[in-house]
Amino acid sequence: MRTMAATFSYPASTYFVRCCSMRENHDQVNHQMNSSIRTNGSFRSPVKVESLSQTASTITTLGQAVTIGENGLRQNIPTKKQLVDPHRQGLIIEGGVGYRQTVVIRSYEVGADKTATLESILNLLQETALNHVWMSGLLSDGFGATHGMVRNNLIWVVSRMQVLIDYYPIWGEVVEIDTWVGASGKNGMRRDWLIRSQATGHIFARATSTWVMMNRKTRRLSKMPEEVRAEVSPWFIEKQAIKEDVQEKIVKLDKEAKYMNSDLKVYICLYFISQRMYTIIDFVPLSTLQPKRSDLDMNQHVNNVKYVRWMLETIPDQILEEHQLSGITLEYRRECGSSDIVQSLCEPEEDEILHGVVEPDYCTNLLNGLSSDIINGSGVLTCLEKRPLRYTHLLQTKGEKQNDEIVRGRTTWKRKISTMPFST
């Protein structure tokens, strides 16, 4: 077998395709090849090429079905349920309905501390979810949409997502990502994930999300058609990565909120024995941005991972340098397009600490609450440093008359750890 290069000539463009020669298929190839194809040397691969002006066509190359779309994109989408995917290191689990994928944390997925970024983790969650649908045999030409959804002009949109991160994978580490789906009310679907170290089995992160359907043309939410329910319901299982008895509501921020003025200073009350000390942290004011073309996904709206980046841009630098995100909850309100002007708002949730600056009784109550830790020798400062920080976020479109919510969010932050608690 040897590698050859073939030139595909069309009225407006020239395409180059690498293929492998198979001498035994020579006669068959000569019969199948289009007369507009020029070969450099002998060409043996059993490939049939249809006109790119067609919406979609199917060819066979090396025994695999490949779909060619308008833009020449070729995909190998299974039409039946697959148990193993060697290309993506994936397999079906949970009695034939769950999915597990093994991935290696790559260099472009880590930050300066050589650990995976939150954005990378969210992208891996999205990728494994799509690969799960891919393996199911239900995937059509949409962004995770089933055949029934495409027939009804429906797409998936996420309405809520929560991610809890105990530890961040490090560069080069091999991790396993499990994902599965379940019912969420009458017209929704829940998707959960679990990320663990392949070497040790330690859990890195857990995530859960709720998805609903939206009409691609009207951009309005839709009920789940019965034919779609018949497609996805056999994959539902009763299992939760994150158990919530009652979902905590995220309050709506206002751009005129007390802590969003440009000259805002946040005061944190600390005690050293009998001396009161105040630490001033500069707070980042309201920021405005406009989505770029690269922010859009295949459904022609801003991908939910991009929202997280915009939210974190308003977190103070001092917090980012000394803390790492341990939890994030997102409540999606509407989609965002390329023409929208987006505002990112953020403020700390620790109102009791802020009020403590002018209400001395708070510091006394705080001290009493930490008395056991102080007796044990931890000290008040150490105890306060261990307390997680929480921020409330809001992304909204900026309009002439009113601003519309895109997504509400809450982030939780804990002190960075200097070393990994376990080795790989």
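**View 1. The loop that holds Gln 89.** Gln 89 sits in the loop that links strand S7 (84–85) to strand S8 (90–93). Like every other view here, this one shows a predicted model. Most residues other than glycine have a negative phi. Gln 89 is not a glycine, yet its phi is positive, at about 55 degrees. With a relative accessible area of 48%, Gln 89 is partly exposed. Look across from Gln 89 to Gln 101: the two are 12 residues apart along the chain, and their C-alpha atoms are separated by 5.6 Å. Leaving aside neighbours within four places in sequence, the contacts of Gln 89 are with Arg 100, Gln 101 and Thr 102.

**View 2. Glu 94, in the loop after S8.** Moving along the chain, we find Glu 94 in the loop between S8 and strand S9 (98–104). Glu 94 is not a glycine, but it has a positive phi of about 55 degrees. Is Glu 94 buried or partly exposed? Its relative accessibility is 34%, so Glu 94 counts as partly exposed.

**View 3. Met 135 and its many contacts.** Met 135 belongs to helix H2. Its relative accessibility is 1%, and Met 135 therefore counts as buried. Which residues does Met 135 touch, once its neighbours within four places in sequence are left aside? They are Lys 80, Lys 81, Gln 82, Leu 83, Val 84, Asp 85, Gly 90, Leu 91, Ile 92 and Tyr 99. One of these contacts, Lys 80, is 55 residues from Met 135 in sequence but 8.0 Å from it in space, C-alpha to C-alpha.

**View 4. The largest nonpolar core.** Here we turn to a core of 64 residues, the largest nonpolar one. The residues with the most contacts inside it are Leu 118, Leu 122, Val 163, Ile 195, Tyr 307, Leu 395 and Val 407. Helix H2 (residues 118–136) supplies the largest share of this core, with 7 residues. Why does the core lie between domain 1 (76–246) and domain 2 (248–350 + 389–417)? Because both domains give residues to it. Val 163 is a good place to pause: apart from its neighbours within four places in sequence, Val 163 is in contact with Leu 122, Leu 125, Arg 206, Ala 207, Ser 326, Gly 327 and Ile 328.

**View 5. Helices H2 and H5, side by side.** Two packed helices are described by the angle between their axes and the distance between the axes. The axes of H2 and helix H5 (residues 304–312) come within 10 Å and cross at roughly 165 degrees. An angle over 145 degrees counts as roughly antiparallel, and H2 and H5 are therefore roughly antiparallel to each other. Their crossing is right-handed. From H2, the residues that meet H5 are Leu 118, Glu 119, Leu 122, Asn 123 and Gln 126. On the H5 side, Asn 304, Val 305, Val 308, Arg 309 and Leu 312 take part. H5 is mostly covered, as 8 of its 9 residues are buried. The buried residues of H5 are Asn 304, Val 305, Lys 306, Tyr 307, Val 308, Trp 310, Met 311 and Leu 312.

**View 6. Met 224, in the loop before H4.** Met 224 lies in the loop between strand S14 (221–222) and helix H4 (226–232). Its relative accessible area is 5%, so Met 224 is buried. Not counting residues up to four places away in sequence, Met 224 touches Trp 156, Asn 187, Gly 188, Met 213, Arg 229 and Val 232. Take Asn 187 from that list: 37 residues separate Met 224 from Asn 187 along the chain, and 5.1 Å separate their C-alpha atoms.

**View 7. Ala 183 in strand S11.** The last close-up visits Ala 183, a residue of strand S11 (residues 174–184). Ala 183 is partly exposed, with a relative accessible area of 39%. Beyond residues up to four places away in sequence, Ala 183 touches Gly 188, Arg 190 and Phe 236. The C-alpha atoms of Ala 183 and Ile 237 are separated by 7.9 Å, while the two residues are 54 apart along the chain.

**View 8. Stepping back to the whole chain.** The protein chain contains 10 helices and 21 strands. Of its 424 residues, 46% are buried. Among contacts between residues at least 6 apart in sequence, 64% join residues at least 24 apart.

Key: Residues numbered from 1 in each chain as written. Predicted model: local features only at pLDDT ≥ 70, side-chain atom pairs only at ≥ 80, totals over all residues. Heavy atoms only, no water. Core = buried A, V, L, I, M, F, W, Y, C linked by side-chain atoms within 4.5 Å. Buried < 20%, exposed > 50% of the residue type's maximum accessible area, 1.4 Å probe, protein only. Helix = DSSP H or I, 4+ residues; strand = E, 2+ residues; numbered from the N terminus. Domains from an automatic or database assignment. Contact = heavy atoms within 4.5 Å. Axes fitted to C-alpha atoms, helices over the stretch in contact; angles between N-to-C directions. Parallel < 35°, antiparallel > 145°, perpendicular 65-115°, else oblique. Left-handed = near helix turned anticlockwise from the far one by under 90°.
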